[in-house]
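Here are a few notes from my look through the model. Have it open as you read, and go point by point.

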Amino acid sequence: MIAALLEDKHLEELLRARVRQLLESGQISLFLGYERQESLPGILPSSVPCIIRDPSDVARLVFDRVCHRSLVKYLLDLPTGGDSKERRAGLVVRGCDSLALQRLIQDHRVSREEVYLLGIPCTGMVDKRKLSKVYPQSPSVSLESILDDTCLGCDTHNPVIYDELLCEKVSEAPSSVVDFVQVRRLEALSPDERYKVWEAEFSRCIRCFACRNVCPACDCRQCTLESNDPGWITKHTSISEQFMFHFIRAFHVAGRCVGCGECERVCPMGINIGELNRKFMKDIRELFGRDNPKMPRDVEPLGKFNPDDPEEFL
Amino acid sequence: MSATITVDLEELETQLAGDVSRRFDVYVPVDENGAVVFRRLTTPASGWLKRSVSLTRSVLPANKLLTPQTDPVLRFQGGPTDYEVSDAAASTDLVILGVKPCDARALKLLDKVFADESDIDQVYVERRQKTVLIGVACEKPEPTCFCKAMGVSPWSSDDCDLMIYPMQGLEGLALKCSSDKGQAFLAGMHLTIRELPAETSEEIEAHYRAIPQPLSEFVGHPEALSLDSFELPIWGRISERCLSCGLCTYLCPTCYCFAVVDKSLGERGLRARCWDSCMFPDFLKMAGGHNPRPTKKERVRQRFMHKLCYTHERYGQIFCVGCGRCVEKCPVGLHFVDVLSQLRRELAGGGGDGL
Ligand code: SF4
Ligand code: SF4
Ligand code: SF4
């Protein structure tokens, strides 16, 4: 049964018990987790972000393979400063979430002391599109066959920061992201051919900004896309404005993307903007010798000028 | 209205790609990297008609072709004090083929907003008059579809000019005319037409009627919300997970909000109506800086009160046609069906009026 593939009841019990203790002891004032959505006939099971403030609500919490969104950006919604205690939040973090949180910490948008992290070594989430092909009944489905591609290529299954782990660490497989197969394919095209590819992709974009809003590297207090004066970009969707939007987005996350894959997952128009992020990762790897370009660090290669930086076109 | 007929698929395809395309801008659904989108028919490969009518619902509703994301209003040139202004609003003769019944119904709802006698949007009305809607009955609804619950029949020709029934096992392609415009359009193509006996026509309807739509049964028949629902405590809670993106409103066939935006390039520029979304934090921000909907609570409430209450107060209709797009695509599952369920529970618990 597919339902059984998705769940881990034991882990869920541990999670609920720990959250209850943390809330009751006052160590945290709220917990960011996931709850199962009401099941609808014929519709894929899905777990969505929720905020638990009352210990008697912990039974709502789940952790399964359909917890698609990352929770860390919700931290930015919580009031901060003054005597607000809301930021004393607990949350679950998988490997990619921990990278995302590191990003917010390094950008001084969240402080490490404010958050209590229940780490979950994670072996992958399922891909909704793959799941929809076999759901609800298909007796012989392997987990592998329905896992998300980003998860299949993940090299950070274990959280890199946490306060405690809810289960044993898992072994890290070498990343397949670093193969950059699709990036290489795009690089091999002529500039004109490449332009055509992106023109077709960007012309489908509806500027819903779901990609920006889920992105942990898009954490500016005031996004340039919402600036009217100067208006870097308007709501007009001519192809030049579409390129402008995508350039702005891609360059602003260059060297800061943690490779969680959220932008691609949420895009309603199936635009493969992740390839742009991976192109930057590949360049950073090759030009600056960073083995793991998606691991946040104090000083990013693109965040500091070094006299011996490669300067091919200057 | 009129009888069901059949036409020859190839003959229709040739006509649409040939003569009709010279007289109209013809838009058809195509599959682009897994996303079904409407594109202008320019140099179609043979067999396109069969492919188009067998596609699932498009990601963007067909009716958005009448209210495009960037819709030119006027051009200006000159400056700094003296501008020449010219009209840029345009409407063309349009054929949209492959319109699903939910999107066709959405246009009927938008008519109440833009083509109401007391409140006419000239460009919209002109486009509406110049557009031929060729619908296609739903052979395989998505699991997220619940149009039946919202009073739409996935086979109904009511809201289109012509309706295609892409059912297997018929000789030729079954069609039905449902307006004078459709009749005239069909006559203009000079196709070989065969009229189907009444029984076959009934069989076709029975075929489509029998296609299940489980989510519709779950949704039942929603009633409108009362104005008092504005104060329900539920809004704060359900909105916590919203991402404040514009996905749900941009994909919704019954959402129509826009902003008027100027873009200037040196001494010339374009003023256009551009889609805007009540889910964006700055949607209602005033020139002086005040924002009457500062948090997600007010914005999510606006979206659902608008659909379930305000439009009902004003036009007598709930503004949802059950297309299921928000159900399928909202990144955090904050969609019409989920919110409706939660509202029902809240109202049942609080002893309020039912939905
Ligand atoms: S999510 Fe997709 S459609 Fe929406 S703004 Fe991003 S790229 Fe464009
Ligand atoms: S309800 Fe969903 S789609 Fe709509 S703004 Fe919120 S997150 Fe985006
Ligand atoms: S509210 Fe959702 S289901 Fe209803 S018409 Fe809009 S997008 Fe479709």
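1. Let's begin with Asp121(B): apart from neighbours within four places in sequence, Asp121(B) is in contact with Phe114(B) and Arg273(B). Keep in mind that this is a predicted model. Asp121(B) sits in the loop that links β8 (119–120) to α4 (122–130) in chain B. Is Asp121(B) buried or exposed? Its relative accessible area is 14%, so Asp121(B) is buried, the cut-off being under 20%.

2. On to ligand 2. The residues around ligand 2 include four cysteines you'll want to click on, Cys242(B), Cys245(B), Cys248(B) and Cys330(B). Leu243(B), Leu247(B), Met279(B), Pro331(B), Val332(B) and Leu334(B) also surround ligand 2. By class, that shell has 10 nonpolar residues, with no polar and no charged ones.

3. Ligand 3 has another mix: 8 nonpolar, 2 polar and 2 charged residues in its shell. Among the residues surrounding ligand 3 are Cys252(B), Cys320(B), Cys323(B) and Cys326(B), along with Arg303(B), Lys307(B), Gly322(B) and Gly324(B). Cys252(B) counts as buried, at 10% relative accessibility.

4. With those cysteines in view, how many disulfides does a search of the whole structure find? The search comes back with 0 over all chains. As a reminder, a disulfide is a covalent bond between the sulfur atoms of two cysteines.

5. Why is there no bond for Cys274(B)? The closest cysteine sulfur, in Cys257(B), is 13 Å from the sulfur of Cys274(B), which is too far because a disulfide needs the two sulfur atoms within 2.5 Å. Cys274(B) is also buried, at 0% relative accessibility.

How values were computed
Residues numbered from 1 in each chain as written. Chains lettered and ligands numbered in written order. Predicted model: local features only at pLDDT ≥ 70, side-chain atom pairs only at ≥ 80, totals over all residues. Heavy atoms only, no water. Helix = DSSP H or I, 4+ residues; strand = E, 2+ residues; numbered from the N terminus. Buried < 20%, exposed > 50% of the residue type's maximum accessible area, 1.4 Å probe, protein only. Contact = heavy atoms within 4.5 Å. Near = heavy atom within 4 Å. Nonpolar A, V, L, I, M, F, W, Y, C, P; charged D, E, K, R; others polar.
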